[in-house]
Amino acid sequence: MGRAFQNRKESMAKTAAAKTKVYSKYGREIYVCAKSGGVDPNGNLALRGLIERAKKDQVPSHVIDKALDKASGVGGEDYSPARYEGFGPGNAMVIVDCLTDNPNRTFGDVRACFTKTKSKIGTPGSVSHMFDHCAILAYAGDDEEAALEALMEADVDVTDIENENGQITVFAPHTEYAKAKQALLGAFGELDFEVDEIQFVPQTTAPIEGDDVAMFEKFLDMLNDLDDVQNVFHNAELPEA
């Protein structure tokens, strides 16, 4: 798998000015996760991981609690996932994951980001087949054999395990997320996961050069400015700053 995954997902906030947007996106994601899998983090591992990630990103407790309260009540917003695929500047492959209460509005907003940067939005499946949809769990450690043994005993379909710089990184199909995380917690107790996510990891990369670099960065900024956009995954290889 390599370490490519770390650079492929755009962080939801790079400056203090974006904090409110981060809180909103986490709140929406926590609401949807709790609504579908239950509001108890101990019984909903996806929710537990999401809350832990939100806290690491300094999302205040009241934002998390408000989302959980909404999910435990009746009614509230009705968000549904929406995924768009296409080719960005430099012909890089892009997947845009959204949570929306108005699919028509969201599609129009995302399509405008593609159009205004001379990019091309595609049909479902047009680029996702070139990505691996992975559960990724990374924690401090150096014994990948013990990790592999714990995962195999739990009958987890492990894709890859890396041991680099004192960190174990486990890759598994996205459908194995809960089982893989439970196996690691069961074997090693409480772990402080550096990475605890489901991501699209590109199978190949596309170097971005020349004028396409600034255009691709503009494209990503436009997408991340949309309230409905939760994550952007791509295979672009941008020059190091």
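Which residue in β7 is the bridge partner of isoleucine 136? I looked this up first and found glutamate 197. The model I am reading is a predicted one.

**Entry: the sheet around β4**

I followed isoleucine 136 to its other neighbour. In β6, phenylalanine 171 is its bridge partner. I then traced the pairings of strand β4, which covers residues 131-140. With β6 it shares 7 bridges, and the two strands run antiparallel. With β7 it shares 9 bridges, again in the antiparallel sense. I noted one further pair on the β7 side: histidine 133 has phenylalanine 200 as its bridge partner there.

I wrote down the strand order as β5-β6-β4-β7, an open sheet of 4 strands with antiparallel pairing. β5 and β7 are the edge strands, each pairing on one side only. On average, neighbouring strands here are turned by 20 degrees against each other, direction ignored. I kept in mind that strands of a sheet pair through backbone hydrogen bonds, either parallel or antiparallel.

**Entry: burial in this sheet**

How many residues of β6 are buried? I found 6 of the 7 in strand β6, residues 167-173, so the strand is largely enclosed by the rest of the structure. I checked edge strand β7, residues 193-202, as well. β7 is mostly covered, with 8 of its 10 residues buried.

I then looked for what lies over these strands. Helix α7, residues 177-188, lies across β4, β6 and β7. Its direction is at about 15 degrees to β4.

**Entry: the β5-β6 hairpin**

Strand β5 spans residues 160-164 and pairs with β6 over 5 bridges, in the antiparallel sense. I located glutamate 164 opposite glutamine 167 of β6. The two strands form a hairpin with 2 residues between them. One of the turn residues is asparagine 165.

I checked the backbone of asparagine 165. Its phi is near 50 degrees, a positive value in a residue other than glycine. For context, most residues other than glycine have a negative phi. Is asparagine 165 buried or exposed? I have it at 79% relative accessibility, so it counts as exposed.

**Entry: a second asparagine with positive phi**

I came across asparagine 91, which is not a glycine either and has a positive phi of about 65 degrees. I placed it in the loop between β1 (80-87) and β2 (93-100). Its relative accessibility is 56%, and it therefore counts as exposed.

**Entry: β2 and β9**

From that loop I went on to β2. It is joined to β9 by 5 bridges, and the two run antiparallel. In this pairing I found isoleucine 95 standing opposite phenylalanine 233 of β9. I then checked the burial of β9, residues 229-234. I counted 6 of its 6 residues as buried, so this strand is largely enclosed by the rest of the structure.

**Entry: α2 against α3**

I turned to a helix pair. Packed helices are described by the angle between their axes and the distance between the axes. For helix α2 (residues 19-37) and helix α3 (residues 45-56), I have an angle of about 165 degrees and axes 9 Å apart. The cut-off for roughly antiparallel is over 145 degrees, and α2 and α3 are therefore roughly antiparallel to each other. α2 passes α3 in a left-handed crossing.

Which residues of α2 meet α3? I listed Tyr26, Glu29, Ile30, Cys33 and Ala34. On the α3 side they meet Ala46, Leu47, Leu50, Ile51, Arg53 and Ala54. I sorted the residues of this contact into 9 nonpolar, no polar and 2 charged.

**Entry: valine 63**

My last look-up was valine 63, which is found in helix α4, residues 61-72. Its relative accessible area is 15%, so I record valine 63 as buried. I also took the separation between valine 63 and threonine 205, which are 142 residues apart along the chain. Their C-alpha atoms are separated by 36 Å.

Technical notes:
Residues are numbered from 1 along each chain as its sequence is written. This is a predicted model: local features need pLDDT of at least 70, side-chain atom pairs count only at pLDDT 80 or more; totals for chains, interfaces and linings use all residues. Side-chain values use heavy atoms; hydrogens and water are left out. Axes are lines fitted to C-alpha atoms, for helices over the stretch in contact, and angles run from 0 to 180 degrees between N-to-C directions. Angles under 35 degrees count as roughly parallel, over 145 as roughly antiparallel, 65 to 115 as roughly perpendicular and the rest as oblique. A crossing is left-handed if the near helix is turned anticlockwise from the far one by less than a right angle, and right-handed if clockwise. Contact means heavy atoms within 4.5 Å. Ala, Val, Leu, Ile, Met, Phe, Trp, Tyr, Cys and Pro count as nonpolar, Asp, Glu, Lys and Arg as charged, and the others, Gly among them, as polar. Buried means under 20% relative accessible area, exposed over 50%, partly exposed in between (1.4 Å probe, protein chains only). Two strands pair if DSSP finds at least two bridges between them.
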